Amino acid sequence: MGSPAGLLEAGRQTVPFHGRRDLLERLGAWCALGGFGAWLLHGPGGQGKTRLAHHLSMQLASDRWAVLWPRTDASESEVREIRHASKPLLIVLDYAETRAQQLAAIIEAAAEHPGASPLKIVLLARTDGDWWRRATNSRLSRDLLAGTPTHLLPPLENEPDDRPGAYRDAVRALAAALPQVKGLAEHDWLASADALPVPQLSHDVYGNALTLHMTALADLLDTALGPTDQIGLGTNDGAHRAAEEVEDRLLSHESHYWEQSAVSRGLVPSDLYPEAMEAALAAAHLVGATNREHADAIWRTLPMLADQTRARRDQITAWIASLYPSASGDRPWGTLQPDRLAERHIGRVLDDNPAIAAYLLDGADDAGASQLLTVYSRAAAHPVFHDRLDVQLTNLCTRNFRRLANLVITTAVQTDHPEPLITALETVIKDDETPLDYLIALHRLLPRSSRRLASTAVILTETIAAGYRWLAKASPDAFLRDLASSLNNLSIRLGEAGRREEGLAAIEEAVNIRRALVESNPDTHLPDLAMCLNNLSVDLGELGRREEGLAAIEEAVSIRRALVESNPDIHLPELATSLNNLSIRLGEAGRRDEGLAAIEEAVHHYRALAQANPDAYQPDLALFLNNLSIRLGEAGRRDEGLAAIEEAVHHYRALAQANPDAYQPDLAMALNNQSNRLGAEGRSEEALAAVEEAVRHYRALAHANPKAYLPGLAASLNNLPVRLREAGRREEALAAIEEAVSIRRTLVEANPDAYLPDLAASLNNLSVNLGDLGRRESGLAASLEAVSIRRTLAEANPDAYLPDLAASLNNLSVDLGDAGRWEEGLAAIEEAVSIRRTLAEASPQVFLPDLASSLDNLSNWLSDGGQQEEGLAASLEAVCHNRTLAEASPEVFLPDLASSLNNLSNRLGQFGRWEEGLAAIEEAVLHYRALAQTNPDGHLADLAVVLHNLSANLGMVGQVDKGLAAIQESVTIRRALAAAYPDLFTVDLQRSLVLKDWLVAFPR
């Protein structure tokens, strides 16, 4: 072995493996499941992905597994041979983001594999972005890769306190291995290791395992060979600068190895060393070579080697092959490892001589050009070059853009450093000399949806629209249709970027143009008008102009129904899309039955379409199912609504795993809705898990694009407290709803029409959460504001907002009661009951639970105000409704029935009907005891309440001993709750203690 850096190659496993225990256990369990499966591990270079895969391979090999690491140049036919594997096989595909064809071949082979033995694929990549969609764009790959886990590998040495020990372990392991390196066997490396002081390792960069190991190796080499000359690219001080320059330190030591090898081959002294030969070494890793003739062709593109004899050029090839032999033997050379060292060397060479990349590009095929862009972008990412390589790579791409356009886009969605490539794209787009036809062709190359390229897509569509506007001004008959199309595309791209007002302006102009065109030629232009009306409806709805949005989508549906009658094959998918949007607008208008009918029709059409062509129609089917679940829930058909959203989440999870850049927002939306449906079915733990996942996704999305995804984050944060309260996590619930309110206040400032209803919903929830924690004045203020907003909204649109007003009035009555404002509280709850009674008469499945809840509150108000008979009547009606609901769906409504029975017991006690009251409270205790056993955080406090009331009832009927047992249990529960939440439960505990004393003194 001649290369000291070779000791750091992951496959050598020089430094003992440590950490990642949980992940290894998960991977091992996944392999033990048998069958076919794939797993994607991604993270920055040097994070330990390849090392982890080697360790897993070693473990599996000891269990008689075969392990295959396909060569980068393996043909698709060679890769497909894995279909014949007859023993357990693990395939590791490194740099998977650049090997889509091999991945496709593996998937094809897996489909033909008999399945008698396990077949697993571990994909290693630096990112998990858009490249997934390109790698999994067939039905077969989507079917097989659905459910593929994706795991971002965190830094191995995350804790600074652990790094000195990890550094010391690495130093010792490397010292034991250094004698294997040619020319280094004579030095006492172990003594040097023992004498080495531990450097400053507090900076975050040392969390990267490779950085830590490179530092250990460089420090060791310096003890024997002396510190090397530094090229001085770093500008930071201290530990960060040392970490930045460690690659350069190792490259300087590596250059001694290069020189020694060159001397032995008669290449030194000569005018080729070092500049020309080090440039050749960089070129070898930038574009690669398939054979010796290809290698010579590369040398002939470089001016410093082109005039050399063939024999001399062959010496260069042999020199590089001796330094880094090919693992397969088919290619003339291998690679300098670790990759970060090769990238740093390439960066140094290109920083000194940027023309080298242009020379190599002239002679490269598409594969070589793709490799050049990928490796160049990785080299440019090294911070020591201070963006100089970014500028050079951008210039290279812009000068050769017609040839490189598709490769630039493909690499931009794959690489972990896309900025110079995106800058090149935008430079070409903004260039006045770029023809309009070329810009249109470029737009076709862009992914249909990409967060990474969203801003670039807006710039491109803006430029295309401007071009067509100029042409249409000169020749409207020829170009108005194209202008309308470009404006439609622009509105979509602006919407994806969160720029909804601008998107609305663009689509309104497109609609106006197409209306005029329809007047002259309806057969040709009606389909285009329907498409624009559909998109106009979406933009109007997003901006709160819901009535206008409803009118637009109703017109679109009408047009498309007529078109379907004449040509269903073409226009049925378009009709289904418009029906989906119509359902949303109808729901916002309170016309829920019509909205349900529209979305049911849309899902019916799309199921048939997706069955025939899942790649084309599965994403939209998932969207329609998401919306169907909402409409079904509003109609009280909760089981069907849950089934629909679970199917939607299943589809979106598969789509997001294949292409997170495109489908992560949809998955987050569906998870948020799934949480609501699960909560409605009483499956609280699953509901909490779903909404917590939704919040995580939306946080990441909003961090990258707040304008587009803050509304979604606020929506999931609004739902999260409901689930957290059910789990007894009240402080976390309050923090979440306060964040939701803060976000929505900001959104309302920019667009009140769109976001006032959402702010009212969050204020309503905020009042409940503040009340839970004893902050009653603040809760009342939030409740009053919510009622004020919703009253205004309900006056303008009662069908849509009366249910929300009733909910806020119900909560307001509670807050007013806590504040001692009895008359106002009674008026609020009477209004809430009146509204909800009317709603329940029209739609009992939807509104009966709300009516029962308000009746319970009304009962309390009437009784406290001296109207005991009216209070008892309200309580009896509430119990009747809740018993009916609980019989049909106990998981959902049993808590409400138990609460109503508790209230009924109190009402009966006011009339001295103790025996009946005792029967009611005993039933309430029975229900709450069962609920508390399955969900103690959610229902222990409720159990303590009914036990307290049970003890009083038992005392009043002479069963004092049973009453003492009940109150003792209540005291025990409340003592624990008061210790955890003193502000909330201390008063309740004191009341139970007083009742206990009363029972103790009660005459037997």
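Where is Pro338 found? Pro338 sits in the loop between helix H14 (310-323) and helix H15 (339-352). It's a handy spot to begin, since a cis peptide bond joins Gln337 and Pro338 there, with omega at about -5 degrees.

Before going further, keep in mind that this is a predicted model. The mean pLDDT of the protein is 88, and 96% of its residues reach 70 or more. One stretch to treat with care is residues 229-240, where pLDDT stays under 50; the model has 27 contacts beyond four places in sequence for that stretch. Where pLDDT is low, the predicted coordinates should not be read in detail.

Now look inside. In soluble globular proteins, nonpolar side chains tend to be buried together. Here the largest nonpolar core has 180 residues, and Trp258 and Trp299 touch the most other members. Helix H11 (residues 275-287) gives the most to this core, with ten residues. Apart from it lies another core, of 105 residues, among them Ala760, Leu872, Ala920 and Val971.

Let's stay with Trp299 for a moment. Leaving aside residues up to four places away in sequence, its contacts include Ala280, Ala283 and Ala284, and those three are buried residues of H11. Trp299 also touches Leu305, Ala306, Arg313, Ile316, Thr317, Ile320 and Trp333.

H11 itself is mostly covered, with twelve of its 13 residues buried. Among the buried ones are Met277, Glu278 and His285. From its first C-alpha to its last, H11 reaches 18 Å, close to the 18 Å expected at 1.5 Å a residue. Right after the helix comes Gly288, whose phi is positive, near 70 degrees.

Next, find the sheet. Five strands make up an open sheet with parallel pairing, in the order S2-S3-S4-S1-S5. Strand S2 (66-68) and strand S5 (150-152) stand at the edges with a single partner strand each, so one side of each has no neighbour in the sheet. From one strand to the next, the twist averages 20 degrees. Strand S3 (residues 89-93) and strand S4 (residues 119-125) pair in the parallel sense over five bridges, and Val92 stands opposite Val122 in S4.

Follow the chain on from S3 and you meet Tyr95, in the loop between S3 and helix H4 (100-112). Tyr95 isn't a glycine, yet it has a positive phi of about 50 degrees. His386 also has a positive phi of about 50 degrees without being a glycine, and it is found in the loop between helix H17 (366-380) and helix H18 (388-399). Are these two buried or partly exposed? Tyr95 is buried, with a relative accessible area of 18%, whereas His386 is partly exposed, at 36%.

Notes:
Residues are numbered from 1 along each chain as its sequence is written. This is a predicted model: local features need pLDDT of at least 70, side-chain atom pairs count only at pLDDT 80 or more; totals for chains, interfaces and linings use all residues. Side-chain values use heavy atoms; hydrogens and water are left out. A nonpolar core is a set of buried Ala, Val, Leu, Ile, Met, Phe, Trp, Tyr and Cys residues joined through side-chain atoms within 4.5 Å. Buried means under 20% relative accessible area, exposed over 50%, partly exposed in between (1.4 Å probe, protein chains only). Helices (H or I, at least four residues) and strands (E, at least two) are DSSP runs, numbered from the N terminus. Contact means heavy atoms within 4.5 Å. Two strands pair if DSSP finds at least two bridges between them. Axes are lines fitted to C-alpha atoms, for helices over the stretch in contact, and angles run from 0 to 180 degrees between N-to-C directions. The expected span of a helix is 1.5 Å times one less than its number of residues. pLDDT is the predictor's confidence in each residue, from 0 to 100.
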